[in-house]
Amino acid sequence: MPHFSGPGGRRSGYASIREAIMIKGRTRLAAAGGMLAAVALLAACGSDNTGTKPSAGSTPTSSSTEDPSMSSTGVEQMAASVVGMSEDDALKAISDAGLTSRVVARDGEEFPVTMDLQPDRINLTIDDAKVTKATVG
């Protein structure tokens with residue numbers, strides 16, 4: 001193992017220890033940065049349950065927790081029943097049933113959405129302010 005000259009030309013291990021500490025510190029910093037990036041990425045995948053009317057290019061949701069016991073058949077029936085409704089009426093009906101919703105496409109433009117399956121969420125496709133497709137998930 002090489003030794004480095006310290007003050008006055010004496011052999012010292014100080015430089016190699018310092019180097020080892022710096023390398024270890026950078027490794028820890030890189031690991032911490034990677035963990036922070038992973039947490040930020042996961043946080044970005046969360047849903048936005050603001051209940052606001054969606055704007056163009058967004059993936060809005062609305063939520064309510066009034067009836068969390070609705071069966072999967074009930075959710076599918078609700079999804080089928082909102083097809084043909086105006087967007088506002090569909091969002092209100094879904095919310096009143098205690099379900100969540102999000103607009104996944106509007107007037108031919110598909111929005112980026114998370115791929116997680118939520119059995120109490122209805123995905124809506126809107127064309128000319130009317131629901132043309134509703135799926136569970």
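Two strands count as paired when DSSP finds at least two bridges between them; keep that in mind for the hairpins on this tour. The model in your viewer is predicted, and residues are numbered from 1 along the chain.

**The whole chain**

Start with the protein chain in cartoon view. You should find three helices and seven strands, arranged along the sequence as β-β-α-β-α-α-β-β-β-β. Now switch on the surface. It comes to about 9100 Å², and carbon and sulfur atoms account for 60% of that. Of the 137 residues, 27% are buried. How much of the contact map joins residues at least 24 apart? Among contacts between residues at least 6 apart in sequence, the share is 46%.

**The largest nonpolar core**

Next, select Val82, Ile122 and Leu124. In the largest nonpolar core, which has 16 residues, these three touch the most other members. Colour helix H2 (72–82), helix H3 (87–96), strand E6 (121–127) and strand E7 (130–136) to see elements that each supply at least two residues of this core. H2 gives the largest share, with four residues.

Zoom in on valine 82. Which residues is valine 82 in contact with, leaving aside its neighbours within four places in sequence? Show Ala90, Ile94, Leu124, Val131 and Ala134, and you have them.

**Helix H3**

Two of those partners of valine 82, Ala90 and Ile94, take us to H3. Select Glu87, Ala90, Leu91, Ile94 and Ser95, which are buried in this helix. Turn the view until you look down the axis of H3: its buried residues fall within an arc of 130°, so they line one face of the helix. The general rule helps here: an α-helix has 3.6 residues a turn, so residues three or four places apart point the same way. Just after H3, click on glycine 98, which takes a positive phi of about 80°.

**Strand E4 and its small hairpin**

Move on to strand E4, residues 100–106. Is E4 enclosed or open? Seven of its seven residues are buried, so E4 is largely enclosed by the rest of the structure.

Follow E4 to its end and into strand E5 (residues 109–110), where the two strands pair in the antiparallel sense over two bridges. Select arginine 106 and glutamate 109 together, since they are bridge partners. This hairpin has two residues between the strands, and aspartate 107 takes a positive phi near 50°.

**Strand E6, between two partners**

Now select E6. Six of its seven residues are buried, leaving the strand mostly covered. With E4, strand E6 pairs in the parallel sense over six bridges. Two pairs to display are threonine 100 with arginine 121, and serine 101 with isoleucine 122. You have already met Ile122, as one of the core residues that touch the most other members.

With E7, strand E6 also pairs over six bridges, here in the antiparallel sense. Pick asparagine 123 in your viewer, then threonine 135, its bridge partner in E7.

**Last stop: the E6–E7 turn**

Finish at the hairpin that E6 and E7 form, with two residues between them. What is the phi of aspartate 128 in the turn? It is positive, at about 50°.

How values were computed
Predicted model: local features only at pLDDT ≥ 70, side-chain atom pairs only at ≥ 80, totals over all residues. Heavy atoms only, no water. Buried < 20%, exposed > 50% of the residue type's maximum accessible area, 1.4 Å probe, protein only. Contact = heavy atoms within 4.5 Å. Areas by Shrake-Rupley, 256 points an atom, 1.4 Å probe, with all protein chains shown as cover. Core = buried A, V, L, I, M, F, W, Y, C linked by side-chain atoms within 4.5 Å. Arc of directions from axis to C-beta.
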